[in-house]
Amino acid sequence: MITIQLFLTFAKIGLFAFGGGYAILPLIEKEVVYGTHWLTHSEFLNVVTISQLTPGPIAINAATFVGYKEGGIPGAIFSTLGVCLPSMILVLIVIRFLKKFETNEVVNRVIKGLRPAVIALIASAAYSIISGGGISDIKGAGIAIISFLLIRTKKIDPILVLILSGVSGIVLYML
Amino acid sequence: MTDKDSSRLKLLLSLFSVFFKIGAFTWGGGYAMLPLIKNEVVEKKRWISSDDFIDGIAVSQSLPGAIAVNTATFVGHKICGKLGSLVATAGAVLPSVITIIIVAMFFLQFKDLKVVQSFFRGANPAIAALILSSVLDLGKSALKNRQDIIISIGLLLLLIYFDIHPILAIIISAILGIILKR
């Protein structure tokens, strides 16, 4: 049953998705590209790009996309439920013990301890995109460098940078 | 239906539409959503106090999962219990689910077109740039001392060269946190 597999895989992703956003990418890649082979590496990259261009969290967007591709609309629903449920349940449990949770020594140490891992995970996501063919030639390298400079120095909206890069891709690779 | 039921239903509908609106108009998820959620639920609707909202963010960030989902679950619960959690989360998530299903339909249909492939070939390097940029931004605030930097580089090497599972990297750093942090 593909819907149950989708649900369980994304529940596992949801349970260990610390740090939010890009930090979740290596986990999704590991499970969905190398574990279950639901996406190729280049499809995975396309999904990341699509989730940046559409509203909503990356984890939800990736779950819905993969679920839809593998199992149609039921697949999309079950994957998304899977990725949401673990954290919803944990939040509801923590609400009951809010004061104890916030002042618990072990919890605070774990939260501080996770910070270096979150940075390492995001950096490894960038490495995987570059080494996995996300930058395929000198034109791609040029787009990456210009985008980086636009984001860092001009503080241009990332979505605008993405659209401009995509349009540059059409110009550079089609004409 | 009693008056109490109908006011509860109104509250749930209002909760759904507030989170639906936030979900539909924020790109980039979590951190981009927090100011909008605060504006709606603390300032406009006055459903919860600013202090409660800050508690909610702290919980959302320390637990796994999308921050938008966690915050919606927390705020929903404050306002209307478990049902409120479900309704707020559904509201926050549905716009992305609907958008992605529509995009996926078109993408899977047209992904072999040269124009679509060229678009992604151009956009993918920019994603690498975006992610690298966020490493710099987050690294500055999250890595507090030399110990953090060494652990972070060590985990990165383990992830890249030894191909360890990201869950293992999370577990290692949690254990190191318990041993080393105070």
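**A first look at confidence, domains and hollows**

Hi everyone, let's start with how confident the predictor is in chain A of this predicted model. Within chain A, helix α5, residues 98–103, has the lowest confidence, with a mean of 82, while helix α1, residues 2–15, has the highest, at 96. For chain A overall, the mean pLDDT is 91, and 100% of its residues reach 70 or more.

Over to chain B. It is divided into domain 1 (1–110), domain 2 (112–141) and domain 3 (143–182). Taken over C-alpha atoms, the centres of domain 1 and domain 2 of chain B are 28 Å apart.

Now for the hollows. The second largest pocket has a volume of about 500 Å³. Which elements give two or more residues to its lining? They are α6 (105–134) of chain A, along with α3 (50–62) and α5 (114–142) of chain B. The largest share, 7 residues, comes from α6(A). In total 22 residues line this pocket, and those nearest its centre are Gly19(A), Ile111(A), Arg115(A), Tyr31(B) and Gln61(B). The lining divides into 12 nonpolar, 8 polar and 2 charged residues.

Finally, the cavity. Searching the whole structure turns up 1 cavity of 30 Å³ or more, and the largest cavity has a volume of about 40 Å³. From chain A, its lining includes Phe16(A), Ala17(A), Phe18(A), Ala23(A), Ile24(A), Leu27(A) and Leu121(A); Pro166(B) and Ile170(B) line it from chain B. What kind of residues are these: nonpolar, polar or charged? The lining has 9 nonpolar residues, with no polar and no charged ones.

Thanks for listening!

Key:
Residues numbered from 1 in each chain as written. Chains lettered and ligands numbered in written order. Predicted model: local features only at pLDDT ≥ 70, side-chain atom pairs only at ≥ 80, totals over all residues. Heavy atoms only, no water. Domains from an automatic or database assignment. 1 Å grid on protein atoms, 1.4 Å probe; cavity = no way out; pocket = protein on both sides within 12 Å on 5 of 7 lines; lining within 4 Å. Points joined across faces, edges and corners; volume = space filled by probe spheres on them. Helix = DSSP H or I, 4+ residues; strand = E, 2+ residues; numbered from the N terminus. Nonpolar A, V, L, I, M, F, W, Y, C, P; charged D, E, K, R; others polar. pLDDT = per-residue confidence, 0-100.
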